[in-house]
Amino acid sequence: ALSYYEATFLREIPKIYADLERALGQEKVHSFLRMGQWIGGDRDGNPNVTADTLAQALRRQSEVALRHYLTEVHLLGGELSLSARLVDVTPEMQALAHSSPDTNEHRLDEPYRRALTGIYARLAATLQELSGGVAARHAVAPQNPYASAADFLAELRTIEASLQAHHGTPLAAQRLHPLIRAVEVFGFHLATVDLRQSSDQHERVVAELLAVARIEPEYAALPEDARRAVLMRLLQDARPLRVMGTLYSEHTRSELAIFEAALRMRQRYGRDAIRHYIISHTETVSDLLEVPLLQ
């Protein structure tokens, strides 16, 4: 499935936005169109989808996005070889160039190329940290990784603003603008992974948690109004339901591990890495309330 991103989406979606802006007289269009998929997160009827599957899916997705950015930054460095003796740059751009680990004497008067070499080095470190992969090229050794895609985007915007301020807007249109748009759309996660599970599986977990905690011994036997009252009360209680040291069933451990992994994945790849939770076979309000309680 990821081959479609490499062959199509990573390059074509920025083109769609460029077409929209052109049709609107170059009015800026918000990045409202983004990608999502369920691979690695849909465990409804598939016991093979686990917390490890979710982590593997996002690790592979991140690698695809980051390798695309690395390629584009490398190509951009070849295109923006402007000399400081011929063009001016903004102070922010100059600071970005000075912060680069690239001290090659042949590039000392090329602020854009120096900055992009530093950006590439940070992306290479980010690739290694988030996916375990190794970048294909190394002008300098990998540097401190980006904490978020927003930090990477901010440095690209510094380059964009400098070009625009000094008659270089046409230079940004070919590759920099599509790259900026790609980062807005795909971040470091590539696509939102939808989590999905059947409501009866959530009920099993909640019933076991409540029984072990001695809150409600027969949750599954309660009428809907009573279930709703229990869940609403517990949602307002900050204390965790899990009793430490208790060995829960394999099913409950696996389901809780999904929620724990989802939290880690959002912290690791950004909040957009997981945005949606789909509850199959939803028939009652309690079917909805069980999921926020597990979260």
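**A tour from His202 to helix H2**

Begin by selecting His202, which, setting aside residues up to four places away in sequence, touches Arg43, Gln197, Glu255, Tyr277, Ile279, Glu290, Val291 and Leu294. Keep in mind while looking around that this is a predicted model. His202 sits in helix H8, which covers residues 199-212, and this histidine counts as buried because its relative accessible area is 0%, under the 20% cut-off.

Next, select Thr50, in the loop that lies between strand E1 (36-37) and H2. Thr50 is partly exposed, since its relative accessible area of 25% falls between the limits of 20% and 50%. If you also show Ser254, you will find its C-alpha 6.7 Å from that of Thr50, although the two residues are 204 apart in sequence. On the other side of this stop, look at the start of H2, where a side-chain oxygen of Thr50 comes to within 3.3 Å of the backbone nitrogen of Asp52.

From there, follow H2 itself, residues 51-79, a helix of 29 residues whose first and last C-alpha atoms are 42 Å apart, close to the 42 Å expected at 1.5 Å a residue.

Finally, turn to the largest nonpolar core, which has 79 residues, and pick out those with the most contacts inside it: Tyr69, Ile119, Leu123, Phe152, Ile159 and Phe186. The largest share of this core, 11 residues, is supplied by H2. Which residues should you show around Leu123, leaving aside its neighbours within four places in sequence? Leu123 is in contact with Leu66, Tyr69, Leu70, Val73, Tyr146, Phe152 and Phe188.

Note on methods. Residues are numbered from 1 along each chain as its sequence is written. This is a predicted model: local features need pLDDT of at least 70, side-chain atom pairs count only at pLDDT 80 or more; totals for chains, interfaces and linings use all residues. Side-chain values use heavy atoms; hydrogens and water are left out. Helices (H or I, at least four residues) and strands (E, at least two) are DSSP runs, numbered from the N terminus. The expected span of a helix is 1.5 Å times one less than its number of residues. A polar contact is a pair of N or O atoms within 3.5 Å; within protein, one must be able to donate a hydrogen and the other to accept it, and residues adjacent in sequence count only if both atoms are side-chain atoms. Buried means under 20% relative accessible area, exposed over 50%, partly exposed in between (1.4 Å probe, protein chains only). Contact means heavy atoms within 4.5 Å. A nonpolar core is a set of buried Ala, Val, Leu, Ile, Met, Phe, Trp, Tyr and Cys residues joined through side-chain atoms within 4.5 Å.
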